[in-house]
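The following exercises guide the reader through selected features of one structure. Each task is followed by a solution in steps.

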Amino acid sequence: MVTGVGTTDEAVVLATSDAPTVWTGGDLATLMRDPANTIPAFALDSSARVPGFDLWDMWPVEHEDGRLPRFDGAALWMVLAATVEPDPDSRHMVARIYLASERHSRWTLHQPVFPEGFTPGDREWSGSAVLDDTATRLTVHFTAAGRRNVPGPSLEQRLFEASCSFAASDGGFILSDWSAPQETVVADGIDYQVANQTEGRGGEILGFRDPGFFRDSTTGRAYLFFTGSCARSSSRWTGNIGVARQDDAGGAWQMLPPVLSAAGVNNELERPHMRQRGGNYYLFWSTQAKVFAENIVAPTGLYGAVAPSPLGPFTLLNGTGLVAGTPPECPAQEYSWWVLDDLQVIGFADFPGIRDMGLIVDAAQRRAHFAGYPAPFFRIALDGATARVVG
């Protein structure tokens, strides 16, 4: 069992953590599916769709300690959204971050988070959000994809943050007085490849996205975990999880070496985020079966690792990293999970009920079967380096 950090001096950990934990094909060779690492199956529910919109990646608005503020009983979330187009795959090129609220698993979509034309990208991709303890100031960490007013397609990704005044009023939310977006850290081309492609297929593009905020209650330091691509690897599969640290509130973010590398194994370790429980630090990420190397068979799912500090060294949960995979009978049921502080987990419903995704070959079929709404919550339990689905 992995033990807590106790009084370990983080400086000692930093001195020995320049090399990331490596996720290998050998780790995944022992992976076996069972109910403890499988998400319950569900059917497509057209009534759960938000009329006129596709919804996918979502994350909660949290206090720094992971608590969910509630407003008239509702939790506040952010979600990537796009108006419905003939092909749901096109949504990534027009994505914006919206506010949404959830009460008793019933969802309401509110307004876009940012004013029109505010962000430096021509679309917005995933991040995280923190509400201060007075519930009057909201900070959003996000991915700016592309560049505004630059012609031609772009898959460029940059990390930004912005904050605003926040108020809840009559079942709605008022965001005002935004600070100018500030770039938090920049890919260095040494540990992290610069993600500035102009074309690429899903699952094969470089990554520098998905900033996930975490405040360490033991040291008070803040961290941003993010999806990166290893600049030191010549493999087709270059996924890693990067990190930046902020020693003082409001201070500059310092880029650090990656904490986990899947070079040669997997290309996308998406939406990394951390939870602190019982003195241990749990790092979670999402990935898809199609982005593993050709000789590796592993499911689309929520994966994770545990460490005695936010920077590692990490031990893969369950020995393989798999925490909760999609059901074998519907392998694309859902994706892009977020673990809440109480260990509830949510993703978005992708293609529930489809056994063979090879039969979904064109835009019309994708549109007919794509769900595009929040998936049902499930729950996990953690015990040292063991994780399991419990309901």
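Two strands are said to pair if DSSP finds at least two bridges between them. The model examined here is predicted.

**Exercise 1.** Determine how β12 and β13 run relative to each other, and which residue between them takes a positive phi.

*Solution.* Begin with the bridges: 6 of them join β12 to β13. Since two bridges suffice for pairing, these strands pair, and they run antiparallel. Next, inspect the hairpin that they form, which has 6 residues between the strands. There, G220 takes a positive phi near 85 degrees. Finally, locate a facing residue: F208 stands opposite G228 in β13.

**Exercise 2.** Establish whether the residues of β13 are buried or exposed, and find the bridge partner of F225.

*Solution.* Strand β13 spans residues 222-229, and 8 of its 8 residues are buried. Consider the two directions in turn. A222, L224, F226 and G228 point one way, while Y223, F225, T227 and S229 point the other way. On its pairing with β14, β13 has 8 bridges, and the two strands run antiparallel. Within β14, V243 is the bridge partner of F225.

**Exercise 3.** Classify the aromatic pair of F213 and W253, and state where each residue lies.

*Solution.* The search of the whole structure finds 27 aromatic pairs. In the pair of F213 and W253, the centres are 6.5 Å apart and the planes make 90 degrees. Because planes over 60 degrees apart count as edge-to-face, this pair is edge-to-face. F213 lies in strand β12, whereas W253 lies in the loop between β14 and β15, 40 residues apart. Both are buried: F213 has a relative accessible area of 14%, and W253 one of 11%.

Definitions and conventions: Residues numbered from 1 in each chain as written. Predicted model: local features only at pLDDT ≥ 70, side-chain atom pairs only at ≥ 80, totals over all residues. Heavy atoms only, no water. Phe/Tyr/Trp six-rings, centres within 6.5 Å; stacked < 30°, edge-to-face > 60°. Helix = DSSP H or I, 4+ residues; strand = E, 2+ residues; numbered from the N terminus. Buried < 20%, exposed > 50% of the residue type's maximum accessible area, 1.4 Å probe, protein only.
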